[in-house]
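User: I am new to this structure and would like to learn how to read its features one by one. Could you take me through them with the general idea before each case?

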Amino acid sequence: MALHEALIALQTGCSGLLTLKQDDPHFKKRLPTIPYVHQGELEILDRLTQLGRHYRTLDEYIRNIIKTKTSGLYILSFAFELRSILQSYLQCLSQLEHECLQNTSLTLSHLLISLTDYTLLFPALVSLINTLQSSGYRGCQILDVIRRCTLDGNTILSSTMKKLLCASHRILIKQITSIVTRGQIYDEYGEFFIGLNNSINVEAMGMTTPSVSRMTSAVVSRSHSPDRERQTMMQTPQPNPMITPGYSQYLLIPEMLPSYIPLQLADKIVFIGESWLLLKNNDDDDDDRNSKNSLAITQIDYDEQNQLVQQQLHALTLIDDLNMFELERIIERARIDLSLTLRNLFVDRFHLIDELEQIRGFYLIEHGELYTLFVNRTSQLLLNTKKSSNAIENDINEVFKQCLNDLHLDTILTNTDKFKFRLNFPPSEAAAQEISAARRLLSRAQGTSDNSTIPFDFWSCGWANLSIQYKVKYPMKAFFSENCKQRYNDIFHLLIVLRYVQIELNSLWLAFKNHHRNSLICHLRNAMSFFINNFQYYIQIDVLEYKYQQFIRSILSSTDFQQIKHLHELFLADIQTHSFMLLGTAYQSMKNILSICVSFCLTIKQQENRNNLDESILRQFGKDFNDEIKLLFGILGMVQKHNALPHLGVFLTRLDFNRFLTNNNGSFGEF
């Protein structure tokens with residue numbers, strides 16, 4: 001009878017030897033003593049009953065997962081593999097029942113010994129599912145939990161956990177295969193560590209709100225955050241489980257990435273997925289999508305290569321342990337092949353270098369005579385512009401086209417339809433602090449107070465808010481991201497303001513060269529012009545020209561498209577670094593110097609017809625200018641000591657070629 005009760009208990013978790021409390025049907029308690037059963041056998045029966053309860057717990061968990069089907073593919077695959085383990089347990093019970101019928105002399109000890117493996121395994125499995133349920137982990141997040149359970153000294157427990165992990169890895173490998181071979185993600189429940197970047201990051205560097213470059217930013221913590229569930233749901237595409245965007249970049253979700261998958265490997269998978277999006281999808285907004293270039297991409301066939309990759313990845317699912325070295329080799333091989341193909345397409349067929357030449361001509365002001373003429377013709381228009389309008393923007397673009405025609409540069413800068421000037425005035429709240437600082441500088445120089453008439457503020461006019469809108473056409477969208485375009489605009493912002501200030505100082509010299517005017521004006525103008533000219537030469541020749549030629553040589557020698565994109569990011573970062581745009585205090589000081597120079601020129605022009613000029617205003621300009629020069633010179637000197645910027649020494653040498661600044665504590669002396 002004890003064997004019969006034990007077999008029942010092993011499947012149901014209870015037997016006839018248990019009594020139920022009337023007011024609590026879940027409360028079960030074994031009878032304290034049974035005359036015909038030895039006390040030792042009762043203890044064995046308790047252990048077998050507990051084993052049956054674990055079985056019922058696991059079975060109910062599996063039924064709930066299969067019934068609801070809302071826990072995701074990883075949990076579902078885990079549940080199916082767990083069900084196969086329970087099936088082997090039931091087969092073992094069936095075999096024991098057959099043995100008991102054949103041999104009635106078997107004892108409870110025989111049952112316990114036959115089920116020894118399950119007495120160790122079931123408690124661990126119950127603990128595992130309790131952890132999964134309490135933590136709320138889903139998708140790739142459960143892989144780390146299961147993998148930790150495989151690191152056990154018990155071989156039975158370790159091998160069983162590896163089977164469960166392998167079942168979950170099958171889903172992972174299928175999702176990786178989908179994105180690596182087709183550029184698609186089947187992720188109905190938001191479980192994969194790669195999702196869609198629906199909100200493209202256009203946060204600028206340098207001149208806008210301070211931010212950190214993607215090249216230098218720290219990797220987001222891969223630990224599970226408290227808001228992980230909310231973030232995961234935000235990444236879950238509900239309408240269509242098959243994610244196949246046209247040009248939306250894929251986004252790595254760090255909190256979903258298993259700890260044993262290297263971040264570099266995940267980045268490679270993202271790159272491969274985005275490469276397939278480029279090779280297999282046309283831009284719906286591109287008017288030339290039926291052109292020769294577009295057809296050339298869509299005709300590329302990689303079925304044979306993809307079939308080989310699918311076979312290699314499928315082979316990884318047939319073993320209990322995921323071979324990370326083999327997975328990395330497969331992904332790297334696929335990345336190299338695609339990267340080489342994209343390099344040949346962009347450099348040889350789609351003329352990437354020609355596109356960079358056009359960008360250089362517009363954003364980096366390669367043709368100085370063009371922008372000199374443009375500044376002269378639009379000086380007053382942009383100086384008096386306080387808000388953007390379509391009419392003003394159209395006028396600016398028309399003037400620029402006339403300048404191109406007059407200088408016969410329309411055959412060199414041919415893509416004027418893709419580059420349009422825009423006026424991007426920041427919100428008044430965002431610019432309030434900067435405007436207030438500039439007004440205080442000008443108020444001190446003009447001898448006014450904050451309560452009097454508000455003076456002219458250069459940083460609120462059109463020159464300080466002029467930008468270029470670059471319409472990136474297919475397939476260049478894969479190379480020029482929104483972040484890159486914004487960084488180009490930041491560089492252009494500095495260059496165009498610098499060019500305007502230089503022209504204003506030169507025009508002031510032209511206006512006064514034939515008149516015997518105040519020597520203080522000439523002295524101050526010469527000092528300002530000396531600094532601005534040297535800084536402009538440093539930016540255009542020492543930084544832009546050198547870095548650009550170095551960048552072009554690297555493109556021609558590279559066979560890796562991903563490396564070319566990385567070189568492009570480094571190129572922009574180097575320009576911004578050497579232009580002090582990433583040195584917050586130094587860059588603010590530079591902007592203050594530009595503001596003082598503009599204020600000085602406008603003040604002199606306003607008082608040009610007056611007989612007497614107030615020297616106190618000029619001396620205040622000189623004092624403010626010297627203060628900013630002293631601050632900037634000190635900061636750059638500290639940077640030079642650490643040899644952080646290789647080209648900075650040349651700039652400082654030009655400024656202080658005769659040790660004049662050094663002897664005057666970093667200033668141009670008394671005015």
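Analyst: What follows is a walk through salt bridges, a buried side chain, cavities and backbone angles. Please keep in mind throughout that this is a predicted model.

User: Let me begin with charged side chains: how many salt bridges does a search of the whole structure find?

Analyst: The general idea is to look for a side-chain nitrogen of Lys or Arg within 4 Å of a carboxyl oxygen of Asp or Glu. A search of the whole structure on that basis gives 21 salt bridges. One of them joins the side chains of Asp-59 and Arg-63, with N to O at 2.7 Å. These two residues both belong to helix 2, which covers residues 39-68, and they are four residues apart, about one turn of the helix.

User: Are Asp-59 and Arg-63 buried or exposed?

Analyst: Here a cut-off helps, because buried means under 20% relative accessible area and exposed means over 50%. Asp-59 has a relative accessible area of 16%, and so it is buried, whereas Arg-63, with 56%, is exposed.

User: Which salt bridge does Asp-337 form with its side chain?

Analyst: The side chain of Asp-337 meets that of Arg-333 in a salt bridge, at 3.0 Å from N to O. Asp-337 and Arg-333 are four residues apart in helix 12, so about one helical turn separates them. Asp-337 is partly exposed, with a relative accessible area of 24%, and Arg-333 also counts as partly exposed, at 44% relative accessibility.

User: Which residue forms a salt bridge with Glu-504, and which parts does the pair tie together?

Analyst: Glu-504 pairs with Lys-605, and the closest N and O atoms are 2.8 Å apart. Because Glu-504 lies in helix 17 (residues 482-512) and Lys-605 in helix 20, this pair ties together parts that are 101 residues apart in sequence. Glu-504 counts as buried at 7% relative accessibility, while Lys-605, at 33%, counts as partly exposed.

User: Which residues are linked in a network of salt bridges?

Analyst: The network of salt bridges links Lys-268, Glu-332, Arg-335 and Asp-560.

User: How should I read the surroundings of a single residue, and where is Thr-181 found?

Analyst: A useful habit is to ask for the element, then the accessibility, and then the contacts. Thr-181 is found in helix 7, which spans residues 155-182, and it is buried, with a relative accessible area of 1%. Its side chain reaches the backbone oxygen of Thr-177 at 2.5 Å. When residues up to four places away in sequence are not counted, Thr-181 touches Trp-276, Lys-280, Asn-306, Val-309 and Gln-310.

User: What does Arg-170 contact, leaving aside its neighbours within four places in sequence?

Analyst: With those neighbours left aside, Arg-170 is in contact with Glu-81 and Thr-317. Arg-170 is found in helix 7 and counts as partly exposed, at 32% relative accessibility. The C-alpha atoms of Arg-170 and His-314 are separated by 8.3 Å, although the two residues are 144 residues apart along the chain.

User: How is empty space found, and how many cavities of 30 Å³ or more does the structure hold?

Analyst: Rolling a probe the size of a water molecule over the atoms shows where empty space is left. The structure holds four cavities of 30 Å³ or more, and the largest of them has a volume of about 50 Å³. The lining of the largest cavity is made up of Phe-531, Ile-629, Leu-632, Phe-633, Leu-636, Leu-655, Leu-661 and Phe-668. Helix 21 (residues 615-641) supplies the largest share of this lining, four residues. By class, the lining has eight nonpolar residues, with no polar and no charged ones.

User: What is phi of His-351 and of Phe-580, and where do they lie?

Analyst: The idea here is to read the sign of the angle together with the residue type. Phi of His-351 is near 55 degrees, a positive value in a residue other than glycine. His-351 is placed in the loop between helix 12 (324-349) and helix 13 (352-363), and at 43% relative accessibility it counts as partly exposed. Phi of Phe-580 is near 70 degrees, again a positive value in a residue other than glycine. Phe-580 has its place in the loop between helix 19 (561-578) and helix 20 (584-606), and it is buried, with a relative accessible area of 0%.

Note on methods:
Residues are numbered from 1 along each chain as its sequence is written. This is a predicted model: local features need pLDDT of at least 70, side-chain atom pairs count only at pLDDT 80 or more; totals for chains, interfaces and linings use all residues. Side-chain values use heavy atoms; hydrogens and water are left out. Buried means under 20% relative accessible area, exposed over 50%, partly exposed in between (1.4 Å probe, protein chains only). A polar contact is a pair of N or O atoms within 3.5 Å; within protein, one must be able to donate a hydrogen and the other to accept it, and residues adjacent in sequence count only if both atoms are side-chain atoms. Contact means heavy atoms within 4.5 Å. On a 1 Å grid over the protein atoms alone, a cavity is a set of points where a 1.4 Å probe fits but cannot get out, and a pocket is an open set with protein on both sides within 12 Å along at least five of seven lines; lining residues have an atom within 4 Å of a point. Grid points are joined across faces, edges and corners, and a volume is the space filled by probe spheres set on the points. Ala, Val, Leu, Ile, Met, Phe, Trp, Tyr, Cys and Pro count as nonpolar, Asp, Glu, Lys and Arg as charged, and the others, Gly among them, as polar.
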